[in-house]
Every structure is written in structure tokens, then in C-alpha cells.
Amino acid sequence: MVLYLNTLTAQTTLSYSDRFMVGCVAHSRSSNGSSQEQWADLHPSTFLFARLFIAVFLVVLMNVVGEGLSIAEPVTPGAELAKSSGGTPRPTLEHAKNLIETHQEGAAIVTLKRFLASSPKPDDIDDAYLLLAAALIGKKEHEEALTYLNQLLAEFPASNLAGRARLMIGAAQLALGKSDAALSALTEAKSSVEDPETKRQALRMVAELHTQKGDIPRAIHAWIEEMSLAPVEQRRESRARIKDLIFEKMDKKALMRLRGTYPAEFPGDLALIRLIEMQNAQGEEHLAERNIRVFLARFPNHDYGPVATDMLRAFQSKLQGSQHIIAAVLPLSGPLQAFGTDALNGIQIAVDKARDHLGMNGVGLQVIDSETDKMALRMELGDLLNERHPLAVIGPLLSRDLPLVAGLADQTATPFVTPSANVSDVRHFGAYLFSTAMTQPLQARRLADYAIGQAGHRRFCILYPDTPYGHELAALFSNEIKQRGGELIAMESYKETDADFSQPIRRLKEADLKKYGRTETVKTTKNGKNIVRILYTPGFDAVFLPGDFHQIAMIAPQLAFYDVKVPLLGTNTWNSPNLTKLADRSIDGSTFVDAFFLDSPDQNIREFVDRYRRKYQTDPSPFAAQAYDATRIVIEAIRKGATTGRALRDQLMEMQEFPTLTGPASFAASGALNRRLYVIHVKNGRLVQLN
């Protein structure tokens, strides 16, 4: 390595900045213990980081000890150090700076330490600290350099060199491998300096540090901020770096967030282009088409416009050639975007499966974003139904949108299958509406079947949140257990924001003690003292808790504290891996129901989850599962011979064994799907499926 560096240094055409950069890279490699690599083999990002590193010192040196001093100004032959007795401080500092510029850091260190020992004027001390730190970093003595830089900030917090000192602290911490400390110093530097060039160098290093940490959105934001400070002719490199990050480092979710952050400006255009290319390559043409339309609307004069237009025509031609078209109307932007994306992913998995196993390559998918005003949505949906004639539409997600689509469904004889609008009677809105959502009546019925039929419970209490959901589930479950010969002992509510549930729990106990509950006096001795305790034994078999998992995690231990030690029953709002993480062992023995259980051993679930994970690198949500079922049912009706919307509607109403993730299912007269629900039990701190 020494021979290699000497060879480079011997090349007189190599600038000081390049020689210093070589030293930085070589030092970094040797300190990391890695093999010595040739200059040509350095990774581009390493080389760029080294250039940024040296740029820090050029910025510092060009702006210290006299404005406008040329970086290339030669050292005067035979220059003498100014003596403290007769010389002036400024020439001494200028001489030290020239020594650093000509790669004589050792001499500069001696000069500056002697200068600081000579009791200089306070106005010159901060300059001396900064130059001494630069010389020390040039000698790879980063720890000592940090001492002087921190001393500068402590003694001269208002100095106009404070920002540059923080910039150098960031560079020194980076050289020591302390990336978090470096990032903190550089972030403070870019926020505290006014000089555009110093701020730019801080931002460039912040961007590279974020890139190293894998935080690409923050890296891009830093590059954009840096680019806004640069002269127009110098912005090309920053734009190229942003493009590289978008095309090489960002996944779909990150690209969609970037698309939303910069909807009609750079780099939102690059995010859209990358999304289009990724979706097209992965066979998600329905998504690529949607993003092409967004791109052309937002960037009508973009260079990519002709390519996007040609791709859109190809998609439209392919869709028109599909034998069967299914549409989806889902929120693909706005606050519900995550749920709409999950549902669309489930739809795509079902379409992929149809192509793989049923040979139905003629199924085309058309997607509409429902997150727009009602008038625009109705017009776009009407155009789709009248021009493309899809056999069915998957969606919408929300119950509030059912009246909007019901009229169009009836007018065009097109079935709409909502995967998540859980109103119990979708037929109330129109004859062509169906739902694969899990309704509240279905949950109450299945839970009552389990509690009375399988678990053998007969007496119940209900503790429910004072919300429309809580009131509905409490009433439904009460009716279901009474129909099966069960008895409701007491029913109490609590506020959704409560954390203390002692009052409603006491009222449940009081009601029970008037019927079947009992108490007994238990005397014990502890530490020589007699203790008398009233022990309560519930006269009921279980408590129904239709709250969410956060509430259940707080309620369960409080019930145990008040001796209400009976099994707890719940709904799908319990279904979260965080339930067992938040709750203590008092939750063991509890049971709830749901239409989807990620860890189910059932073959259908396992195949669906595996496919989903392979395609999207994440776990499917209930929205994805219910949209998958909706699409599978529609495809099954097509496979059975439905070629029109009316014929497909008839198939949905008449067939008794549609394939779903939980087994064969059929639609009730209300349009809701009668399906099997999983009974999920909490055992030893884990969620397990009961047979």
C-alpha cells in the first residue's frame, strides 16, 4: 500500500484534493482490515463519498483566514513564522493554511500549536482551532481533531466558523466509523450555516449517510435540498444520484410514497416511471396502466410521454382482446390506500391462480381508484361498465359507497362483490350487490355455536365498548345465546378511551352475586399477621368482550384481579399478534373467531399465504384474503359458464359450494357470504386454531 500511494503521489498531475482523497480511501480500507484493492476497482459510491469528504476541507480552507484566498496560492519560499514578540497573527495563520494546502500537515500542526500557546488575540483562536483540526484530520488523527473542533464550539458558539466546525466534526466522526454521530453533526451543520456551499457539502454527506443506512427517502430529500442550493449548471450530478437511488434502491411501497410526496414535480416523475416499469415487468399490467394514466395527466410534456402512451395503447389492446374482464374499484390513493392496495393484491393473486391452474388466460383486470369525488367516480365507473362490459366488479371497500354503485349495478346488470363492506344486508341497496366481508351477525352466530355447543358454556356476562360496533355485537351475541338456551347474567359497557375498568367489572359481580355467584371468607397468615380475604367465585361460565386487542390486553388482567377467572370470548378485532405481546397470561384460555387466520394449518390458507409472500414480500391482511375470495368466486362462476353479468349474478345466487379460503360457501338471500369462521384460541401465550 505504501508503494502504491507513493506511486500515486509521484504523479505530479494529481491535485491535492485527489491525493488527499486517495489517502482517505486507503486509510478507510486499511482500518477496516479489508484487502488492498486497485483504484479502478473502487465502488462508485465509495469514490463519491471520498470526494465529498475532501470537499469539506476545501470548503473550510477556502473560507478561513481571509476571504477570497486562492486554494492554489503557493507557499512563499523560505517563509518565516511570525514570532509572538513582533509578528502579527494573521500571516501565521495564512502560512499554516498554505502548509495544509500543500500537504504539509505535520508542519502546520507544529505551527498552529505554537501559535495557540503564544496567547493570541481571541478573534484568531477559532480560526486556529479550525485549521489545526483540518491538519490533524489530514494526518488521520481524528480523535484529536474532534477535541479542537468541540473546543471551538464551546468557546466560540457564535463564531461564523461554527457551521464549518460541525461539518468537519461530521467528517471526522465518519472517518472513525461513527455514522450516527456523523449524521447528527452534519444535520446540525446544514441547519446552522448560511453559506450555500458549506450547506451543500453537509447535505451531500447527509444524503450519502442516509443511503448507507438504507433510508432512501431521507437520502433523496437531502439531495433535493442540496440541488435547490446549487447553480443550475451544477445540478446534473444531484439529479443523476437521485435517479440512481430511485431505480436501484427503492421498492414499490417507497416509490408510491415518493409519488405522493412529489405528485407533479421531480422526482415524482421518476418514481412513476420506475413503478410503471416494475409493474409491467411483474405482469401487473392493471397497475402499470393506472400509473401511466396518472403520469400522463401530471407530466403531459415529459420526455417519457411517448413511451408511456405506446405502453398504454398496448395494454388497452390486450385488455380488449381478453375473453373475460373483471373490474375493481378500490381506494388506491388517499388515507385508505393501504387497505385498497391489500385488496388489489388479493385480487391479483386470485387472477394469477386462475391462469396457473384453470388455464384462464383470457381474464383481464381493469382497476379504478375510488378516492375521488362521487360525481367523478360515478362517471368513470359508468364509462367502464358501458364501454368494457366487465362481468363483475370487485368493490367498493366501504359501506358508504354501496348506494353510489347500486344504481349502476342494476342499470348495467353487473354484479358488484364488496370484500369488506360488512353491512348485514347488501341486497337492501340493490339486486346485483354481494359481499364476502365477515358480518357481525355471522361472528355472533359462530361464537355462540362454539361457546354453547363445543365449550359447554351456559351462563354469560358481556362487557362491551360504548360504540355502535360494541352495542351491535353485544345485542347480537345476547340474542344468539338466548336462542340456544343460554342465559345472560349481566351486560355492562365502558368508554372507548377508558383504561380503568373496575366500575363495570364490580357491577357485573354485583349482578352475578344476586343470582349464582358466591363468596367465601379465606383466612391466611403472612409474616405473623392474620389476613382475611373475601374470595369471589363467578356463577357464570364466560365473558364476551367485543373490544379491540388493545382494550382486551388491559381488561383481562383487571378481570383476573377481581377474581373473574373465567374464559373470555371475542371477535375478529382481537386478531393481532400484538394481543399476546400486550396482555399477560390472564389472556390464556380465551377464544375469538375470524374468517382469516394467518397461521392456520389449512392447505388453502397455506397456499394463499405462500403465494402472497412470494409475490409481495409481506403477509396478507384480512382485506387481501376477502378480496381474494371475492375474485375466486367470480372466476368460479365464469368457469361454470357465466358469460354475462346477469348470468353471473344468477350463478352467485344459486351455487352452494363456492371455493373460499375457509372452505365451501354460499351467498345468503341478504347477499352476505355464509362461510366457515375459524375459532382461534390463546394457549400458552400463542394463537392456535381449534379444530
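This note describes a predicted model of a single chain, point by point.

1. Confidence. The structure is a prediction, and its mean pLDDT over the chain is 85, with 86% of the residues at 70 or more. In two stretches the pLDDT is below 50. One of these covers residues 1–51, for which the model shows 56 contacts beyond near neighbours in sequence. The other covers residues 65–88, with 29 contacts beyond near neighbours in sequence.

2. Overall make-up. The chain holds 691 residues, of which 53% are buried. Its secondary structure consists of 27 helices and 16 strands. Among contacts with a separation of 6 or more, 63% link residues that lie 24 or more positions apart. The exposed surface of the chain amounts to about 31500 Å², and 50% of that area is supplied by carbon and sulfur atoms.

3. The five-stranded sheet. One open sheet has five strands in the order β2-β1-β3-β4-β5, and their pairing is parallel. At its edges stand β2 and β5 (433–435), each of which pairs on one side only. From one strand to the next the twist averages 25°. Helix α19 (residues 402–412) packs on this sheet, where it touches β4 (416–418) and β5; the direction of α19 makes about 130° with that of β5.

4. Strand β1 within that sheet. How many of the seven residues of β1 (residues 324–330) are buried? Seven of the seven are, so the strand is largely enclosed by the rest of the structure. The cover extends to both faces: His324, Ile326, Ala328 and Leu330 are buried on one side, and Ile325, Ala327 and Val329 are buried on the other.

5. The partners of β1. Seven bridges connect β1 with strand β2 (residues 363–369) in the parallel sense. Within this pairing, Leu330 stands opposite Asp369 of β2. Strand β3 (residues 392–394) also pairs with β1 in the parallel sense, over three bridges. Here the residue opposite Ala327 is Val393 of β3.

6. The seven-stranded sheet. A further open sheet contains seven strands, ordered β7-β6-β10-β11-β12-β15-β16, with mixed pairing. Its edge strands are β7 and β16 (686–689), and each pairs on one side only. Neighbouring strands are turned against each other by 25° on average, direction ignored. Helix α21 (residues 468–483) packs on the sheet and touches β6, β7, β10 (542–544) and β11; between the directions of α21 and β6 the angle is about 170°.

7. Two pairings in the seven-stranded sheet. Strands β11 (residues 568–570) and β12 (residues 591–594) run parallel and are joined by two bridges. Leu569 faces Thr591 of β12 in this arrangement, standing opposite that residue. By contrast, β15 and β16 run antiparallel, and four bridges join them. Val682 has Leu687 of β16 as its bridge partner. The hairpin formed by β15 and β16 has two residues between the strands, and Asn684 takes a positive phi near 55° there.

8. The largest nonpolar core. Which residues touch the most other members of this core? They are Val543, Leu545, Val564, Leu579, Ile587 and Phe608, out of 44 residues in the core. The elements that give two or more residues include helices α17 (337–358), α22 (502–513), α25 (603–616) and α26 (622–639), as well as strands β6 (459–465), β7 (487–494) and β15 (678–683). Helix α23 (549–561) is also one of these elements, and the largest share of the core, six residues, comes from α23.

9. Phe608 in its surroundings. Phe608 is among the core residues that touch the most other members. Apart from neighbours within four places in sequence, Phe608 is in contact with Ile349, Phe596, Pro620, Ala624, Ala625, Tyr628 and Leu661.

10. Asp563. Is this residue of the loop between α23 and β11 buried or exposed? Asp563 has a relative accessible area of 8%, and because a residue under 20% counts as buried, Asp563 is buried. Neighbours within four places in sequence aside, Asp563 is in contact with Arg533, Ile534, Leu535, Tyr536 and Pro538.

Terms used: Residues are numbered from 1 along each chain as its sequence is written. This is a predicted model: local features need pLDDT of at least 70, side-chain atom pairs count only at pLDDT 80 or more; totals for chains, interfaces and linings use all residues. Side-chain values use heavy atoms; hydrogens and water are left out. pLDDT is the predictor's confidence in each residue, from 0 to 100. Contact means heavy atoms within 4.5 Å. A nonpolar core is a set of buried Ala, Val, Leu, Ile, Met, Phe, Trp, Tyr and Cys residues joined through side-chain atoms within 4.5 Å. Buried means under 20% relative accessible area, exposed over 50%, partly exposed in between (1.4 Å probe, protein chains only). Two strands pair if DSSP finds at least two bridges between them. Axes are lines fitted to C-alpha atoms, for helices over the stretch in contact, and angles run from 0 to 180 degrees between N-to-C directions. Accessible areas come from the Shrake-Rupley method with a 1.4 Å probe; for residues, only the protein chains shown count as cover.
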